[in-house]
Amino acid sequence: MGKTSSVATVFLDANIFKFSAIKKHVYLPKRQDIIWGPFVHETNVYEPYTVNSLDKVTSEILRKDSILLAMAAFAGISGKLKFYYHREVEQETCGLPGMTTASGRFFECPLEEVADPEDAYSRILYGGGKHYKAHTQDFLSNIRNPRYLEIAKVTGAYQGKDKPLNLNQALDAFHIWCAESAGIEYFMTMDYKLKKVVERSKLQSSVQITTPSQLLQTTVPQMGLFGGFSFLWKGVRFAKKNTKFQSRSGWK
């Protein structure tokens, strides 16, 4: 995938999907007395609720970037940015809670899938008496591409010769490698430690590691004066609608 327009291209880290799963439809227990003839039984009755996951976020940085994720998604919906992912990101997020929430997949922003960084590959996903994460670790530990191994050392995945890579850091390295290979400009993440590690290293990359707030600070001025103000006005309204709601009974 090569850059075909002036619209900035952004690869989504797996944690972006996690933090954009803000609106959740759940059933919560409520104690209630049930009268059965002469007997009274106390039991749980499950009622529908709409839950705002931001209510449990105590970090101001995480709260801010979680809200700005909605604005970034609106930039994709309105054609101001283009967002990409690799199927390994989809595989990584399938086990995370809230992936089928009412927020949609990254607020229902259009996403495009990038090709494999090397020739198309096949690998084991499930079965064989192993947890799916073990299969992923085996797959990543057997990649011998020099560029991937270089990035893996920077992210902290490398543990020594003939030893399996640290899974989470190896996934970070693989996703950055995917973004590089696809010619994408930005790698958006909410893993602040990963961003610091890459920036402090001597790794030379065509991909800029960025947070949601930094991405918007960089790209909104590129929209021009009128375009930037128009986007901010509409983007703030979109973000408020999708993040500033109250948890309440019933599915709203």
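## Reading salt bridges, strands and spaces in a predicted model

Student: Which residue forms a salt bridge with K130, and how far apart are the closest N and O atoms?

Tutor: The partner of K130 is D138, and their closest N and O atoms are 2.5 Å apart. A salt bridge here is a side-chain nitrogen of Lys or Arg within 4 Å of a carboxyl oxygen of Asp or Glu. Bear in mind that this is a predicted model, in which local features need pLDDT of at least 70 and side-chain atom pairs pLDDT 80 or more, while totals for chains, interfaces and linings use all residues. Residues are numbered from 1 along each chain as its sequence is written, and side-chain values use heavy atoms, leaving out hydrogens and water.

Student: Are K130 and D138 buried or exposed?

Tutor: Neither extreme applies: K130 is partly exposed at 43% relative accessibility, and D138 is partly exposed at 32%. Buried means under 20% relative accessible area, exposed over 50%, and partly exposed in between (1.4 Å probe, protein chains only).

Student: How many salt bridges does the whole structure hold?

Tutor: The search finds eight. One of them joins R147 to E150 at 2.9 Å, N to O. Both residues sit in helix α5 (residues 146-155), three residues apart, so about one helical turn separates them. R147 is partly exposed at 21%, as is E150 at 39%. With E180, R147 and E150 make up a network of salt bridges. Helices are DSSP runs of H or I, at least four residues long, and strands are runs of E, at least two, numbered from the N terminus.

Student: Where do K195 and E199 lie, and how are they separated?

Tutor: They lie in helix α7 (residues 192-200); being four residues apart, they are separated by about one helical turn. Their side chains meet in a salt bridge of 2.5 Å, N to O, and K195 counts as buried at 8% relative accessibility.

Student: How do I read strand pairing, and how many bridges join β2 to β3?

Tutor: Two strands pair if DSSP finds at least two bridges between them. Here, 14 bridges join β2 (residues 23-36) to β3 (residues 39-52), and the two strands run antiparallel. Take P29 as an example: its bridge partner in β3 is Y46. The two strands form a hairpin with two residues between them, and G37 in the turn has a positive phi of about 65°.

Student: How many disulfides are there?

Tutor: Zero in the whole structure, a disulfide being a pair of cysteine sulfur atoms within 2.5 Å. For C109, the nearest cysteine sulfur is that of C178, 19 Å away. C109 is buried at 6%, and C178 is buried at 0%.

Student: What lines the largest pocket?

Tutor: A pocket is an open set of points on a 1 Å grid over the protein atoms alone, with protein on both sides within 12 Å along at least five of seven lines, and lining residues have an atom within 4 Å of a point. The largest pocket has 16 lining residues, with N15, E92, N168, D172 and D191 nearest its centre. Its volume is about 410 Å³, meaning the space filled by probe spheres set on grid points joined across faces, edges and corners.

Student: Which helix gives the most to that lining?

Tutor: That is α1, with four residues. Helices α1 (14-20), α6 (167-181) and α7 each supply at least two residues.

How values were computed: 1 Å grid on protein atoms, 1.4 Å probe; cavity = no way out; pocket = protein on both sides within 12 Å on 5 of 7 lines; lining within 4 Å.
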